[in-house]
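Visitor: I'd like to see how the words people use for a protein model follow from the numbers behind them. Can we go through one together?
Guide: Sure, have a look at this.

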Amino acid sequence: MRKVFLASSALIFISTSAFADNTETVVVTATRTPEPAKLTGTSIDVITANDLQNQQINFVTDALAEVPGLSMSRTGGAGQTTSIFIRGANSGQSLFLIDGVRLEDPSATDGGAVLQDVLVNNIDRIEVLRGPQSTLYGSDAMGGVVNILSRRGGDQPFAFTGSAEGGSFGTWHGNIAADGTEGRVEYGAAVNYFDTDGTSAADSRNGNTEADGYRNFGATFNTRIHATDDISVDLRGYYTDSHVDFDGFPPPNFTFQDDPEFGKNTLYAGYAGLNVSLLDGRFTNLLALIGLNSDRKDFGNFDFLTGAFSPTINFYGKGGSGRFEYEGVFQVNDTNELVFGAESQHTTLETHSVFDLTPLDHGSRTTDGYYGQWQSTLFEALTLTGGVRYDHDSEFGGHTSVKLNGAYNIDSTGTTLRAAYGDGFKAPSLYELFSDFSNPVTALKPEQSHGWEAGIDQPFLDGNAKASLTYFQSNYDNLIDFFSCFGIASPACTLRAFAGGYYFNVNRARTDGVEGELTAKIVDTLSADANFTTLTARNETNGFPLAKRPDFSANGTLTWAPTPDWSLGGGVNYVGPRYNDAFGSVRLSSSTEANLFGSWQFVEHWQVYGRVDNLFDDRSEPVSGYGRPGRAFFAGVRTAF
């Protein structure tokens, strides 16, 4: 399998054939510098462009659901609200990056990314780093980091790829991309359009027949201009615009069912970076300016006079952020490396709901961060990494994070023993700080996590297979929850009587479990991947399991390529029983989704492909009251030259 890696802030392309010649997998997310994965001491998985193409994956969250330690929750079909839980952490407690930009929505309740709008668009690879990572990444990296890296450059001035597909639920999807290197310029750009009539977000088995459609237009570009051999400029952009229909709780009975509500989301981000290499490449420097704006609107209000819905705004949220970053990497010698940096971000919020009594909620914050990391390799076998970070936030003050990683590689067997400890934190979101539900008497503190892991990686079959086993544990403190003032008399509730409650720091949680992985090239034409996760995730304050976290999940994929022109395969995703709510009152049944996929290159540069999703028509509810799309068929054509 060919794996192409886009490396670090310098975005260096590295090509490996992991099973064919046993070359090492290089990653950049764990240390912010290109490094063999076996030296990082942490759990990190790479989803390659080939993986995404072979399995015909359209949504990044569907790919992430196949990674050990990660589970997905989606309230219906395409475009519906989607959450990713990394080792049991809340979705907003993990950081999502695309080409160096923090993919976040400052107007969201938790300030996290709108994950349902992130489609596969000219992606080179996705790196998934698990465990607390705030030392290098600051706020939001409590559960882990997902780093999406787009394709750029290549061996020729112009390379073109395009695809078009259609299928069940009135779905069609088109994508075109161009990449290349011309003189001192490396570039990559793509546009992507997805449209589906969809299925009912509210479970159709409960009598809901209205399909909830979804449309998404996205664009991305990634360019590097080499001014000299030692100085280059990066210019990158990311844009999405979506429309989604969803269901709600319409009168007169106010139960979850079909209604004509819909939402529009727009997000655009830009990145400008300057790379300077000094001391014959031993000292590299990155200066970057990053901007992001998000705009979300929900429509649909019930008019009690006419007894009908009107397509008027019932919620809007606008968020923005401006960010400055500096990072330096100094290669002290062949076995010692120093990484250090400084960051400053200003974030703003403006939001309003028809249920708010105040005309407008708005607020802002500024966060400054400083970090340093030292890595040493001893005896050509033991790699040790240590780091520390200090953040100062205009709202809650200062916070310090540390990390310690170790990896011991046994040359005689290829075995890698690894262990890691890390801190994570998440600043209170702007919505939690400045909405009608802000705490009127006590300043919110940042949520915190402290986690560790220990694992072993073992290659066998002459390097054609690898097995990994990891134990992990994390403890969470100061988790923010909503306090309901219903029937409560207190000074805080008096001040928030119009809102019905407020946010406060109260909860503690603990997660632990085991991740197992097996990757193998069985023969030249047959490869397999399998993994499982056991997870115990519990609210330590009330003793209940954390909602929507399965105790057990597993994935498996088998791919057969009998000739260079043919590829066939299948995958299975199993998610065990879990609780729908924070009090363990509604239990969701397990689900097993099986998919088939195949492709045929019928002439040079042209390929037809097809897949079957949810082969056995599993209709178990992913979230209580919401429907799971049934069996679906898709076919398409793609070209590359």
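Visitor: What makes strand β10 mostly covered?
Guide: This is a predicted model, and in it 8 of the 8 residues of β10 (residues 123-130) are buried. Buried means under 20% relative accessible area, so with 8 of 8 below that mark, "mostly covered" is a fair label.

Visitor: How do you know that β5 and β10 pair?
Guide: Two strands pair if there are at least two bridges between them. Strand β5 (residues 44-48) and β10 have 5 bridges, so they pass, and they run in the antiparallel sense. One of the matched pairs is Ile47 with Ile126 in β10.

Visitor: And what joins β10 to β11?
Guide: There we have 7 bridges, again antiparallel, with β11 covering residues 144-150. Glu127, for instance, has Asn147 in β11 as its bridge partner.

Visitor: Which strands stand at the edges of the sheet, and why?
Guide: The open sheet has 5 strands in the order β5-β10-β11-β8-β9, with mixed pairing. β5 and β9 (101-102) are the edge strands because each has a single partner strand, so one side of each has no neighbour in the sheet. Down at the β9 end, 2 bridges join it to β8 (residues 95-98), running antiparallel. Since at least two bridges are needed, that pair makes the cut. Leu97 stands opposite Arg102 in β9.

Visitor: On to single residues. Why is Thr351 called buried?
Guide: Its relative accessible area is 1%, and the cut-off is under 20%, so Thr351 counts as buried. Thr351 sits in strand β20 (residues 336-353). Beyond its sequence neighbours up to four places away, Thr351 touches Phe315, Tyr316, Gly317, Leu360, Asp361 and Tyr431. A polar atom of the Thr351 side chain also lies 3.0 Å from the backbone oxygen of Tyr316. And here's a nice one: the C-alpha atoms of Thr351 and Ala108 are separated by 9.4 Å, though the two are 243 residues apart along the chain.

Visitor: Asn285 has a relative accessible area of 14%; is that buried or exposed?
Guide: Buried, because 14% is still under 20%. Asn285 belongs to strand β18 (residues 283-303).

Visitor: What makes the link between Asn285 and Tyr326 a polar contact?
Guide: The limit is 3.5 Å, and these side chains are joined at 2.5 Å, so the label fits. Tyr326 is also among the residues in contact with Asn285, along with others including Leu274 and Gly328.

Visitor: Why is His399 called buried?
Guide: It comes out at 9%, and under 20% is what counts, so yes, buried. His399 lies in strand β23 (residues 397-410). The His399 side chain makes polar contacts with the side chains of Ser401, at 3.5 Å, and Gln448, at 3.5 Å.

Visitor: Finally, how many cavities of 30 Å³ or more are there?
Guide: The count is 10, and the largest holds about 1,000 Å³ of space. A cavity is a place where a probe fits but cannot get out. Of the 46 residues lining the largest cavity, Asp62, Met72, Arg74, Glu593 and Asp613 lie nearest its centre.

Visitor: What kinds of residues make up that lining?
Guide: The lining of the largest cavity has 17 nonpolar, 21 polar and 8 charged residues. Strands giving at least two residues each include β6 (70-74) and β34 (606-613).

Conventions: Residues are numbered from 1 along each chain as its sequence is written. This is a predicted model: local features need pLDDT of at least 70, side-chain atom pairs count only at pLDDT 80 or more; totals for chains, interfaces and linings use all residues. Side-chain values use heavy atoms; hydrogens and water are left out. Helices (H or I, at least four residues) and strands (E, at least two) are DSSP runs, numbered from the N terminus. Buried means under 20% relative accessible area, exposed over 50%, partly exposed in between (1.4 Å probe, protein chains only). Contact means heavy atoms within 4.5 Å. A polar contact is a pair of N or O atoms within 3.5 Å; within protein, one must be able to donate a hydrogen and the other to accept it, and residues adjacent in sequence count only if both atoms are side-chain atoms. On a 1 Å grid over the protein atoms alone, a cavity is a set of points where a 1.4 Å probe fits but cannot get out, and a pocket is an open set with protein on both sides within 12 Å along at least five of seven lines; lining residues have an atom within 4 Å of a point. Grid points are joined across faces, edges and corners, and a volume is the space filled by probe spheres set on the points. Ala, Val, Leu, Ile, Met, Phe, Trp, Tyr, Cys and Pro count as nonpolar, Asp, Glu, Lys and Arg as charged, and the others, Gly among them, as polar.
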